[in-house]
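Let's walk through this structure together, one part at a time. Keep the viewer open so that you can follow along.

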Amino acid sequence: MFSQPDRARFLPLAHLHALVAQLMQMGYQCLGPAVENGAIVMRELDDPAGLPRGLQAEQAPGRYRLTRDPHNRYFAWANGPQAIKPQAFAAKESLWRVERDDAGALQFAAVVPAAPAQAIIGVRACDLAALALQDAHFLPAGRRDAHYAQRREQLFLVAVQCAEPGATCFCASTGDGPTPTAGYDLALAELAEGFVAVAGSAKGNAVLDALSLSPATPQQIEAARQQGQAAAAAQTRSLPGRNLREALMSRLEHPRWDEVAARCLACGNCTAVCPTCFCHAEIDEPALDGGASEHARQWDSCFGEAHGHLHGFDVRSDIRTRYRQWLTHKLATWHDQFGRSGCVGCGRCIAWCPVGIDLTEEVAALTASEVQP
Amino acid sequence: MKAPHAIDAGPPHAASVVARTQESPTIFTLELRLDDAAAQAAYRFAPGQFNMLYLYGVGEVPISIMSDPEARNGIGHTIRAVGRVTRGLAALQPGDRVGLRGPFGRGWPLQEMGGCDVVLVTGGLGCAPAVSVIHYVLRRRERFGKLVIIQGVKHADDLIWREQYDHWAKLPDTQVLVAADEGGALWPWHVGRVTELFDLARFNPTRAVAMMCGPEGMMRVAADNLLARGLPESQLFLSMERNMQCAVGRCGHCQLGGAFVCRDGPVFNWGEVKILLSHRGF
């Protein structure tokens, strides 16, 4: 976000509400951080001045606790369980509907989602990288997913540089953060007195122009840049490389898969919070009167029993093969599909695992030893 | 090889059952016709592709297309009643309605087969995705060398299309080899593993294309056997089965390594999948 410093502007702390008000005035439904069930989630803001201050989240394997930020900043929290993914790839939505008349004739019709113009305030670099991967999956040229496209095109993304990474974060090692570099409409870096603000799109520029901000000073830009570098340096977890394809695919029978399977509950939390996981089940919900049925998709997990189900047998009947499927897809075969790893270093799968399985620790254990058959 | 007019992820087209044949106690064939006459007339598929069949209010299943690719009046599917949707499909009668979208996936490499001996190795209902290849070859007999049809079943009672196999066995340059793990009264063919028949198969391995469809264990043994006889790996193909729900490479259930079986397959070259097939769980 600092590639064109002459275009960076400065949004005083006291004027953050003006940015939200501007977005609301332009017709955006604004989502921002809110506390729900002890975690930071993205919820609709009804008041431009309603963004919470002073929230922080302490994260560790299997642990997430809200704490207070001694500096009372707006965005000192590292990511909560969800951010952008549910807004573009809905957790559940109808794809088509069929009606049956008395003679048994079937009438099929596509269901097109009504997607409001939505601004999400406070998205992080890891989630922007994840969204780019979801875009690659759902919107390849010539094969666009109409439902995803409908929601995705309505999004206005206000990114925020991470100044305080969680203990579970490792975006610096995946190359996806902590400073946003692409994919945003606006990017902010929070300093003590206000925000360095950069537009990443024409829509973002229009918002900044409407706010009549003064340019950011070189000192402010440098402070923001250093803050990003410090946040990267503060990360304690990492992956041993950005392409682990051969490292993992050459260890498919490694004994570590059995060890992790003994701890893994196959609950699917990791896949539910992962911002790049795209698996979904297709389900049918007939109306009680028998006259119609909806065909919907909803998020699914490769840890579930039904994921690999075939007539007569399950391709992955045990947890060992399901964990291996997840990790090798995410870090190895994702390269075949999308030209990069499917992990953006957000660390959610570590924090939200009820037994605290740490992806970085599993990868280190798998790849530390000699290559297995 | 995907047909340009394929019905994509959108809603299915309404179709009617025009004929139903009980092939065995659990296997039946539905001949379907799209209710939209223009869509039916325009419908084309390549042998080895599949359709998603929708049973009203219950769900969709991927079913390979077994009819002759040049037949224009109907689209044939041979199905085993084994799950929620297929048991419901088994109850349908002529005149009943279903949904159909497709065809999907990559079919058999028919363009590359010209001049070659064609060897089909199928197990159980794996014969269904291969039968349209047999039709294709028989209609263009002069373009191909020998046709070897090898089919295995667990029990003699599981063999469907017996009259067809008898008919094909009488054709020139065509060899039919059938085996049942368990024979029965009046079983005229081999009793034992299908792979035990390979010694009887007469084809030139250096100028042949082999296509397999059936249980993965059977295909692994068949592949070892065919490769050991000198068939080049590039000439060995198989049709894979995985949990396919969307059929357009989106839902993720059918992934085999980096491949989406519904879109990148179901037909693969042996070299593309042999490593993953040697590990349980992919």
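The paragraphs below go through the sheets and helices of each chain and then turn to the contact between the chains.

Please keep in mind that this is a predicted model. A good place to begin is the eight-stranded open sheet of chain A, whose order is β3-β2-β8-β9-β10-β11-β1-β12 with mixed pairing. At its edges you will find β3 (39-44) and β12 (214-215) of chain A, each of which pairs on one side only. Further in, β10 (residues 186-190) and β11 (residues 194-199) of chain A run antiparallel and are joined by five bridges. If you would like one pair to click on, A:Ala189 has A:Val196 in β11(A) as its bridge partner.

Two helices can now be placed against these strands. Helix α1 (residues 16-25) of chain A packs on the sheet, where it touches β1 (9-12), β2 (29-36), β8 (118-123) and β9 (155-160) of chain A. The direction of α1 makes about 130 degrees with that of β2(A). Helix α7 (residues 218-233) of chain A lies across β1, β10 and β11 of chain A, and runs at about 90 degrees to β11(A).

Next, have a look at β6 of chain A, which has two partners. With strand β14 (residues 292-299) of chain A, β6(A) pairs in the antiparallel sense over seven bridges. With β7(A), β6(A) also runs antiparallel, and here five bridges join the two. A:Arg97 is a handy marker for both pairings: A:Glu294 is its bridge partner in β14(A), while A:Ala109 stands opposite A:Arg97 in β7(A). β6(A) and β7(A) form a hairpin with five residues between them, and in the turn A:Gly104 has a positive phi of about 90 degrees.

One residue of chain A deserves a closer look. Why does A:Val273 count as buried? A:Val273 has 22 C-beta neighbours inside 10 Å, and because a residue needs 20 or more of them to be called buried, it qualifies. A:Val273 sits in helix α10 (residues 269-273) of chain A. Leaving aside neighbours within four places in sequence, A:Val273 is in contact with A:Pro81, A:Gln82, A:Arg348, A:Cys349 and A:Trp352.

Now move over to chain B, where six strands form an open sheet in the order β4-β3-β6-β1-β2-β5 with antiparallel pairing. β4 (59-64) and β5 (75-80) of chain B stand at the edges with a single partner strand each, so one side of each has no neighbour in the sheet. On average, neighbouring strands of this sheet are turned by 40 degrees against each other, direction ignored.

Inside that order, β1 (residues 13-22) and β2 (residues 27-34) of chain B run antiparallel and are joined by seven bridges, with B:Gln22 having B:Phe28 in β2(B) as its bridge partner. Strand β6 (residues 97-104) of chain B is mostly covered, with eight of its eight residues buried. Four bridges join β1(B) to β6(B), and B:Ala15 stands opposite B:Val98 there. Four bridges also join β3 (residues 50-55) of chain B to β6(B), again antiparallel; B:Tyr54 has B:Gly99 as its bridge partner.

Helix α5 (residues 216-228) of chain B makes a nice exercise in reading a helix by its faces. Its 13 residues reach 18 Å from first C-alpha to last, close to the 18 Å expected at 1.5 Å a residue. Which residues of α5(B) are buried? They are B:Met218, B:Met219, B:Ala222, B:Ala223 and B:Leu226. Seen down the axis of α5(B), these buried residues fall within an arc of 130 degrees, so they line one face of the helix. An α-helix has 3.6 residues a turn, so residues three or four places apart point the same way. The buried residues of α5(B) pack against β7 (117-123), β8 (147-155), β11 (208-213), β12 (236-239) and α7 (270-277) of chain B. The face turned away from the buried side of α5(B) carries the exposed residues B:Gly217, B:Asp224 and B:Ala228. After α5(B) comes B:Gly230, with a positive phi near 105 degrees.

Finally, bring both chains into view. The contact takes 36 residues from chain A and 30 residues from chain B. On the side of chain A that touches chain B, β6 (92-100), β7 (106-110), β13 (280-286), β15 (309-310) and α11 (319-338) of chain A each supply at least two residues. The largest share, seven residues, comes from α11(A). By kind, the residues on this side of chain A divide into 14 nonpolar, 13 polar and nine charged.

Notes
Residues numbered from 1 in each chain as written. Chains lettered and ligands numbered in written order. Predicted model: local features only at pLDDT ≥ 70, side-chain atom pairs only at ≥ 80, totals over all residues. Contact = placed C-beta atoms within 7 Å. Nonpolar A, V, L, I, M, F, W, Y, C, P; charged D, E, K, R; others polar. Pairing = 2+ DSSP bridges. Axes fitted to C-alpha atoms, helices over the stretch in contact; angles between N-to-C directions. Expected span 1.5 Å × (residues − 1). Buried ≥ 20, exposed ≤ 12 C-beta atoms within 10 Å, placed from the backbone. Arc of directions from axis to C-beta.
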